[in-house]
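Today I wanted to look up how some helices pack and where empty space is left. I kept notes as I went.

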Amino acid sequence: APLVGHNTLRAAVVGSDDRHATEAELEEMVDLLDKALARGAVGMSTGLAYTPWNYAPSDEVTHLVSVVVGHGRVYATHMRNETDEVLEAIEEALMVASSTGVRLHLSHLKAGGERNWGRMPAILGMLDDARGRGVDVTADLYPYPAGSTLLHTLLPTWINAGGIDALLGRLEDKESRRLVARQVHEGIPGWQNFVGAIGWENVVVAGAPSHPSYEGQSIAALAAAAGASDIDFVSELLIAERATVMVIIRAMSEDDVGCALLWDHAMVGSDGVPVPGKPHPRIAGSFARMLGSHRGDEGALVEVIRKMTSLPADRFGLVDRGRIEEGAIADIVVFDAHQVTDRATYDKPLLAPAGIEHVLVGGLGMILDGETTDATPGRVLLMA
């Protein structure tokens, strides 16, 4: 069920430069967005923490979101900051929603960095207050205290301006490396500085195609073994891999994750990025992990199932899915409530879960008696 990516719009019209869109460029993005929504996209998404889309001001986002409102669709946002300025980022998202009336969805809600642990009750309080004022806001998250992203996105935004070739060119420059090291240590106002919040010891290589021996090891340990500074090691690795390095970031607290998952308006997602190597186990484990964590508590299990089925289906307007009832599409998972559990680990991230007996998509069995079949009934879902 595709969302129109703000990143796709901006890359197509503005490119990867560090600047605001012109009035003509903004109207071109509006036209492209309007056409995509008319063709059935379920909404629009932003990735405001990532370059070059974090170069867009709030006014640009608000202007585009107004088009989403006209189609009655959802605005989903990967917020501008999930570490030290997470509250300010939530305020920005709520401001966009309150000024346009759009249905707002916060993607993989979190508070990253140990100094921000314990802020989830305050975050949920902000969201409840907003709902009390009439802002229709929901969220999703995955049930793990670690996230995953591309390594180069953890560097300051200026070094990523202009695309991959420009990034690699800057990384060749020793003065640029020294500036990056200083800014990671000191921070930059408004920048989501994950490394400053968690340290390179909590950034673990998940996928590096030409360096498979690095997978599962932290940047700090690899740099120490190479006798290099953290930034020099990162720079050389990104150059060697042409920036295609995926990492796992150990950033959140279990208590905050558990707190957020209990919010009535939070749904479960995987946010999976399937890359070679040792990707995040959330790809294979998220949903079975949630089901398994509530074995023996029927009431809690029913609520978890709602957060994975009818709640997201309703949120994104999938009117014939998310429930087992007459007339609905037969997307059905049959599992053993006493045996279901995730088996995926950070070392073996793609192990299939246990206790899943059958999976039907559109009434056709993709897994029957625990074994995969040749059926391929999945299809792209579009709004009418």
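Before anything else, the cut-off I need: angles under 35 degrees count as roughly parallel. Also for the record, this is a predicted model.

**Entry: helix 5 and helix 12**

I started with helix 5, residues 120–132, and looked up how its axis runs against that of helix 12. The two axes come within 9 Å and cross at roughly 25 degrees. Helix 5 and helix 12 are therefore roughly parallel to each other, and helix 5 passes helix 12 in a right-handed crossing. Then I listed who touches whom. From helix 5 I get Met120, Pro121 and Leu124, and they meet Asp256, Cys259 and Ala260 of helix 12. By class I noted five nonpolar residues, no polar ones and one charged in this contact.

**Entry: helix 2 and helix 3**

Next I took helix 2, residues 23–38, against helix 3. Here the axes come within 9 Å and the crossing is roughly 30 degrees. Helix 2 and helix 3 are therefore roughly parallel to each other. I put the crossing down as right-handed. On the helix 2 side I wrote down Leu26, Glu27, Met29, Val30, Leu33, Asp34 and Leu37. Their partners in helix 3 are Glu60, His63, Leu64, Val67 and Val68. The residues of this contact split into eight nonpolar, one polar and three charged.

**Entry: helix 3 and helix 4**

I stayed with helix 3 (residues 58–70) and turned to helix 4 (residues 86–100). At what angle do these two pack? I read about 45 degrees, with the axes 10 Å apart. Helix 3 and helix 4 are therefore oblique to each other, and their crossing is right-handed. Helix 3 brings Ser58, Val61, Thr62, Val65, Ser66 and Val69 to the contact, while helix 4 brings Glu92, Met95, Val96, Ser99 and Thr100. I sorted these contact residues into five nonpolar, five polar and one charged.

**Entry: cavities**

How many cavities of 30 Å³ or more does the structure hold? I found two.

The largest cavity has about 60 Å³ of space. Its lining is made of His108, Leu109, Lys110, Ala111, Met120, Leu141, Tyr142, Met252, Asp256 and Val257. I recognised Met120 and Asp256 in that lining, since I had already noted both in the contact of helix 5 with helix 12. By class I counted seven nonpolar, one polar and two charged residues around the largest cavity.

The second largest cavity has about 50 Å³. I wrote down its lining as Leu48, Val61, Tyr75, Thr77, Met79, Arg80, Ala89, Glu92, Ala93 and Val96. Which elements give two or more residues to it? Strand 3 (74–78) and helix 4 do, and helix 4 gives the most, with four residues. Val61, Glu92 and Val96 line this cavity, and I had them in the contact of helix 3 with helix 4 as well. The class split for the second largest cavity came out as seven nonpolar, one polar and two charged.

**Entry: a pocket**

Last, I looked at the second largest pocket, which has about 320 Å³ of space. I got 15 lining residues, and the ones nearest the centre of the pocket are Gly258, Leu261, Met290, Ser293 and His294. Helix 12 (254–261), helix 13 (282–292) and helix 14 (298–308) are the elements giving two or more residues to this lining. I sorted the lining into eight nonpolar, three polar and four charged residues.

**Closing note to self**

Helix 12 came up twice for me: it runs roughly parallel to helix 5, and it contributes to the lining of the second largest pocket. Helix 4 is oblique to helix 3 and also gives four residues to the lining of the second largest cavity.

Note on methods. Residues are numbered from 1 along each chain as its sequence is written. This is a predicted model: local features need pLDDT of at least 70, side-chain atom pairs count only at pLDDT 80 or more; totals for chains, interfaces and linings use all residues. Side-chain values use heavy atoms; hydrogens and water are left out. Axes are lines fitted to C-alpha atoms, for helices over the stretch in contact, and angles run from 0 to 180 degrees between N-to-C directions. Angles under 35 degrees count as roughly parallel, over 145 as roughly antiparallel, 65 to 115 as roughly perpendicular and the rest as oblique. A crossing is left-handed if the near helix is turned anticlockwise from the far one by less than a right angle, and right-handed if clockwise. Contact means heavy atoms within 4.5 Å. Ala, Val, Leu, Ile, Met, Phe, Trp, Tyr, Cys and Pro count as nonpolar, Asp, Glu, Lys and Arg as charged, and the others, Gly among them, as polar. On a 1 Å grid over the protein atoms alone, a cavity is a set of points where a 1.4 Å probe fits but cannot get out, and a pocket is an open set with protein on both sides within 12 Å along at least five of seven lines; lining residues have an atom within 4 Å of a point. Grid points are joined across faces, edges and corners, and a volume is the space filled by probe spheres set on the points.
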